[in-house]
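Reader: Before I plan anything around this model, could you take me through it one question at a time?

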Amino acid sequence: MAASLDPAEGLTARPGRPLRAARLRLSGFFWRHRWAKGLLLLAPPLLAFGLVYLSSLVALFISAFWTVNPFTTDIEHIWNLGNFRTLIDSSAYRTIALRTIGIASAVTLTDAVLAFPFAYFMARVASARGRTFLFVAVLLPLWSSYLVRVYIWRLILDQDGVLNWMLNKLGLPDQHLAYTNYAVWLIFSYVWLPFMILPVYGALERIPHSFIEASRDLGAGGFATFRRVVLPLALPGVIAGSIFTFSLTLGDYVTPLLAGGASSQFIGNVVYSSVGISNDVPFAAAFATVPLLVMALYLTIARRLGAFEAM
Amino acid sequence: MERRGTRWALGGWTTLVVLFLWAPLALIMVYAFNKSNVQSWPIPGFTTHWFHVAWQASEVRSAVWLSVQAALLATSIAIVLGSAAAFAIARFRFFGREAVSFLLLLPIALPGIVTGMALNSFFTFSHIVPSLTTIVIGHSTFCVVIVYNNVLARLRRSSPSLLEASADLGADGWHTFRFVIWPVLSTALVAGGLLAFALSFDEVVVTFFTAGAQNTLPLLIFGYIRLGQQLPVVNAIAFAMIVLTVIPVALAQRLMRDTGVLRRGASALAATK
C-alpha cells in the first residue's frame with residue numbers, strides 16, 4: 001500500500017499533460033529520497049565555498065611560508081619560517097599588532113556602552129512609532145557609504161573644521177585630534193556602531209515581559225532584575241555585535257590610512273603596502289595570519305557563550 | 001516598567017546617539033555645495049557646480065558602471081547559493097551540519113584583511129589575473145552569507161508542515177515552490193538581496209586585493225581622498241550616495257513591517273501596557 005502514498009501514482013498516465021506528469025514524478029522521487037534533495041541543495045554552495053574560500057585560506061597559509069626574491073620580486077617556492085621570524089623579532093611589528101588589537105578592543109567596548117541604553121530604550125520604552133524612527137536612524141548610517149563616513153570625520157576634526165569652529169564659538173581652545181590614534185578610535189566607533197545596536201536590540205526585544213514580571217514578583221528590585229535577568233539574556237546579542245565591531249576594526253586599513261597619523265599603522269596597513277607597494281605577498285600573508293588567529297580564538301569563546309544564535 | 005527617571009535618562013542617551021549618528025551625514029550634505037575647493041568650515045558660499053563636474057567625469061562613470069556590474073553579479077550568485085544553503089541547513093539534519101553553518105559565517109566573521117589577503121594569495125597561487133570575475137568572486141563570499149542569514153531566519157519562522165500539506169493537496173514541486181515557498185520567502189530574498197547589493201557596492205577592504213588596476217567606485221573615492229585630489233567631486237558623490245541610501249532603507253523598512261518583525265515587537269509591547 002505504501003506505493004499509493006506516492007503523489008505521482010495514478011496521475012502519470014493522464015494524457016496531454018506530460019510536463020505535469022514529469023514534474024510529479026520528480027517531486028515523488030525527491031519525496032522518497034529526501035537525502036537527494038538535501039544533497040542537491042547543499043552541494044553547489046558547499047562546493048563553491050570550498051573551492052574558493054577554503055582554498056584561499058589554505059593558499060594564505062602556504063604562501064606565508066614562501067619568500068620573495070629581493071632582486072626579481074618573484075615569489076620563490078622555498079619553505080621557510082623567515083616571514084614569521086621577522087614578525088616575532090621586530091618590535092615594530094609587535095607594536096603594530098598590539099595597537100591593532102588594543103584599538104579594536106577599545107572600539108568594541110565604546111560601541112557596547114553607546115549601544116546598550118539605546119537598544120534598551122528602543123526595545124522596551126519607545127512607542128511603536130518611535131521604534132520605527134529609531135530603526136531608520138540606525139539603518140541609514142549603516143547603509144550609507146563607509147568611505148564617506150570616514151571622510152566626513154576628517155572634515156570635522158580638521159584644524160579648520162567644524163569641531164574647532166564650534167569650540168571657538170564656545171570660547172574653548174582648539175582640539176588637535178586629527179590624524180591621531182584617538183581619531184582612529186573615534187571614527188571606528190562611529191562607523192561600526194549600528195553593527196552593535198542591531199544584535200543587542202534583537203536580544204533585548206526577545207526577552208518575554210513575563211520574565212521581568214516574574215523577577216519582580218519574586219522580590220527583585222529594578223537593578224537586581226536588570227543584572228540577573230535582562231543582562232544575561234542580552235549578553236549573546238552584545239557578543240554577536242562585538243564579533244562585528246572587533247573583527248571589522250581588526251581587518252581594516254582604510255581608516256588608519258585616511259584619518260590616522262604616522263604612528264597609527266594597523267596590521268592591515270602593513271599587509272596593504274606589502275601587496276600594493278613592495279609586492280611581497282608571502283610576508284603580507286604571514287602577517288594576515290595574526291588577525292586570523294586572534295579572530296579564531298575570539299569566535300571559539302563567542303560560540304561557547306551562545307553568540308551565534310544571536311547573529 | 002522602568003521608573004520615570006530611568007526612562008528619561010535612556011531617552012536622553014538615545015537622542016544623543018541619534019545626533020552622533022546623523023550630524024556627520026547632515027554635514028557632508030552641506031559640504032557638497034561648497035563653493036571653494038578648500039574644505040574648511042564655515043563654507044564661503046553655495047554652488048551646484050561640483051555635481052555637474054562629478055556627472056561629467058568619465059573616470060567616475062566607468063567606476064560606477066564597474067561597481068554596478070560587480071554588485072549585480074555578486075548578488076545574483078548570493079541569492080542562488082545563499083538560499084540553497086539556507087534550505088539545506090533549515091530543513092535537513094545531517095552529519096557536519098553545525099560545521100557547515102559555522103563555515104558559511106566565516107566571511108563576515110573574519111577580518112576583511114584576512115579574506116582579502118587569502119583571495120589574493122589564491123589568485124596569485126593559481127595565476128588568475130585580476131578582472132571583474134575576481135572582484136565578483138571576492139564579493140560573493142560575504143554576499144552569500146547575507147542572503148543565507150536572511151533566508152534562514154525566515155525559514156525558521158515558517159512551518160515545514162506547509163510543504164507536506166501542499167503535497168497532500170496534490171501539488172508537485174513547482175506548484176509548492178510557486179504558491180507556498182515563494183510567498184513566504186520573497187520578502188526575505190529581496191531584503192537579503194538589497195543588503196548584499198549595498199555591501200558589494202560599498203566594499204573597499206577586500207576589493208583592493210581582488211581588483212588589480214581597475215577602479216570600482218569605492219576604490220576610486222579611496223584614491224581621491226588618500227591623495228587629496230578631487231575632493232569637491234568626492235563631496236558631490238557622497239551627497240548622491242547618502243540620498244540614494246534612502247531607497248533601500250525605505251524598502252527594507254517596508255518589507256520588515258510587512259513580515260511582522262516590527263509588528264510582533266509592537267504587539268508584545270502593547271500587551272505589557
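Reader: Which element of chain A has the lowest mean pLDDT, and which the highest?
Author: This is a predicted model, and among the elements of chain A the mean pLDDT is lowest, at 74, in strand β2 (residues 75-76) of chain A. At the other end, with a mean of 95, the highest value belongs to helix α4 (residues 91-125) of chain A.

Reader: Over which residues of chain A is the pLDDT below 50?
Author: Chain A as a whole has a mean pLDDT of 86, with 94% of its residues reaching 70 or more. One stretch has 17 contacts in the model beyond near neighbours in sequence, yet its pLDDT is below 50, and this is residues 1-13 of chain A. Where pLDDT is low, the predicted coordinates should not be read in detail. The stretch to treat in this way is therefore residues 1-13 of chain A.

Reader: Where in chain B does the pLDDT stay under 50?
Author: The mean pLDDT of chain B is 85, and 93% of its residues reach 70 or more. The model nevertheless has a stretch with twelve contacts beyond four places in sequence over which pLDDT stays under 50, namely residues 260-273 of chain B.

Reader: What ipTM does the predictor give the complex?
Author: Two scores are given by the predictor for the complex as a whole. The pTM is 0.87, and the ipTM is 0.86.

Reader: What is the radius of gyration of chain A, and what does the globule rule give for 311 residues?
Author: Chain A is built with 13 helices and two strands. It is more spread out than a compact globule, because the globule rule gives 19 Å for 311 residues and the radius of gyration is well over that, at 27 Å.

Reader: How far apart do the C-alpha centres of domain 1 and domain 2 of chain A lie?
Author: Chain A is divided into domain 1, covering 2-56, and domain 2, covering 85-310. Its C-alpha atoms fill a box of roughly 85 × 70 × 40 Å along the principal axes. Within chain A, the C-alpha centres of domain 1 and domain 2 are separated by 45 Å.

Reader: Which residues touch the most other members of the largest nonpolar core?
Author: This core has 175 residues, of which the largest share, 17 residues, comes from helix α8 (residues 181-205) of chain A. At least three of the core residues come from each of domain 1 (2-56) and domain 2 (85-310) of chain A. The residues touching the most other members are A119(A) and V200(A).

Reader: Leaving aside neighbours within four places in sequence, which residues are in contact with A119(A)?
Author: Helix α8 of chain A covers residues 181-205, and the contacts of A119(A) have numbers that fall in that range. With its neighbours within four places in sequence left aside, A119(A) is in contact with I197(A), V200(A), Y201(A) and L204(A).

Reader: Which helix gives the most to the side of chain A that touches chain B?
Author: Between the chains, 82 residues of chain A are in contact with 80 residues of chain B. On the side of chain A, these divide into 61 nonpolar, 14 polar and seven charged residues. The element that gives the most to this side, with 16 residues, is helix α2 (residues 34-63) of chain A.

Reader: Which residue with a positive phi follows α10(B)?
Author: Chain B has twelve helices and zero strands, and helix α10 of chain B covers residues 217-227. Its buried residues are L217(B), P218(B), L219(B), L220(B), I221(B), F222(B) and I225(B). After α10(B), with a positive phi near 65°, comes G228(B).

How values were computed: Residues numbered from 1 in each chain as written. Chains lettered and ligands numbered in written order. Predicted model: local features only at pLDDT ≥ 70, side-chain atom pairs only at ≥ 80, totals over all residues. Domains from an automatic or database assignment. Buried ≥ 20, exposed ≤ 12 C-beta atoms within 10 Å, placed from the backbone. Helix = DSSP H or I, 4+ residues; strand = E, 2+ residues; numbered from the N terminus. Contact = placed C-beta atoms within 7 Å. Nonpolar A, V, L, I, M, F, W, Y, C, P; charged D, E, K, R; others polar. Core = buried A, V, L, I, M, F, W, Y, C linked by C-beta atoms within 7 Å. Rg over C-alpha atoms; globule rule 2.2 N^0.38 Å. pLDDT = per-residue confidence, 0-100.
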